[in-house]
Amino acid sequence: MRLADLLRHVDVLDVRASGPIQKDPEQVEVRAVTRDSRQGGDGVVYVAIRGGRVDGHDFVAGLTGGVAVVEEAVEAPDGLVVVRVADTRRALARLAAALHD
């Protein structure tokens, strides 16, 4: 599924590519949605969740490709598409449901 199709299911504040990227960020093909940064990479949407002990936003800098969905501005490595939303918990639920619908 294309990122643009997935993003229709969430309230997006901003979409940007970090550094050089070969195509329109919204045309990126998505095969998975996760909240575990270790599973991030090409074709994966990583959703940064702020928790009681760990803030998922802290792991965005370590991603190698793919898409990061965040609530706040973050430093992102080149080649990453960053989508800012108001509520990442709600976005995770809606993105996962849309991908597997």
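**Figure 1. Surroundings of T88 in helix 2.** T88 is found in helix 2 of this predicted model. The relative accessible area of T88 is 1%, which is under the 20% limit for a buried residue, so T88 counts as buried. Leaving aside neighbours within four places in sequence, the residues in contact with T88 are V47, A48 and I49, together with V69, V70 and E71.

**Figure 2. The largest nonpolar core and the elements that build it.** This core has 20 residues. L3, V45, V47, V69, V83 and L95 are those with the most contacts inside the core. Two or more residues come from each of helix 1 (3-7), strand 3 (44-47), strand 4 (67-70), strand 5 (80-85) and helix 2 (88-99). Helix 2 gives the most, with five residues.

**Figure 3. Contacts of V83, and a second core.** V83 is among the residues with the most contacts inside the largest nonpolar core. With neighbours within four places in sequence left aside, V83 is in contact with L3, L7, V12, D14 and V15, and also with V67, A68, V69 and V70. Apart from the largest core lies another core, of 10 residues. V60, A68, V70 and A76 are among the residues of this other core; A68 and V70 are also in contact with V83.

**Figure 4. S18 and its polar contacts to backbone oxygens.** S18 is found in strand 1, which covers residues 12-18. S18 has a relative accessible area of 7% and is therefore buried, the limit being under 20%. The side chain of S18 reaches the backbone oxygen of A76 at 2.8 Å. A polar atom of this side chain also lies 3.1 Å from the backbone oxygen of P77. Beyond neighbours within four places in sequence, S18 is in contact with A76, P77, D78, G79 and L80. A76 is also one of the residues of the core of 10 residues.

**Figure 5. The largest pocket and its lining.** The volume of the largest pocket is about 270 Å³. Its lining consists of 13 residues. Nearest the centre of the pocket lie R35, I49, V54, G56 and F59. By residue class, the lining divides into five charged, four polar and four nonpolar residues. I49, one of the residues nearest the pocket centre, is also in contact with T88 of helix 2.

Conventions. Residues numbered from 1 in each chain as written. Predicted model: local features only at pLDDT ≥ 70, side-chain atom pairs only at ≥ 80, totals over all residues. Heavy atoms only, no water. Core = buried A, V, L, I, M, F, W, Y, C linked by side-chain atoms within 4.5 Å. Buried < 20%, exposed > 50% of the residue type's maximum accessible area, 1.4 Å probe, protein only. Helix = DSSP H or I, 4+ residues; strand = E, 2+ residues; numbered from the N terminus. Contact = heavy atoms within 4.5 Å. Polar contact = N/O pair within 3.5 Å; in protein donor to acceptor, adjacent residues only side chain to side chain. 1 Å grid on protein atoms, 1.4 Å probe; cavity = no way out; pocket = protein on both sides within 12 Å on 5 of 7 lines; lining within 4 Å. Points joined across faces, edges and corners; volume = space filled by probe spheres on them. Nonpolar A, V, L, I, M, F, W, Y, C, P; charged D, E, K, R; others polar.
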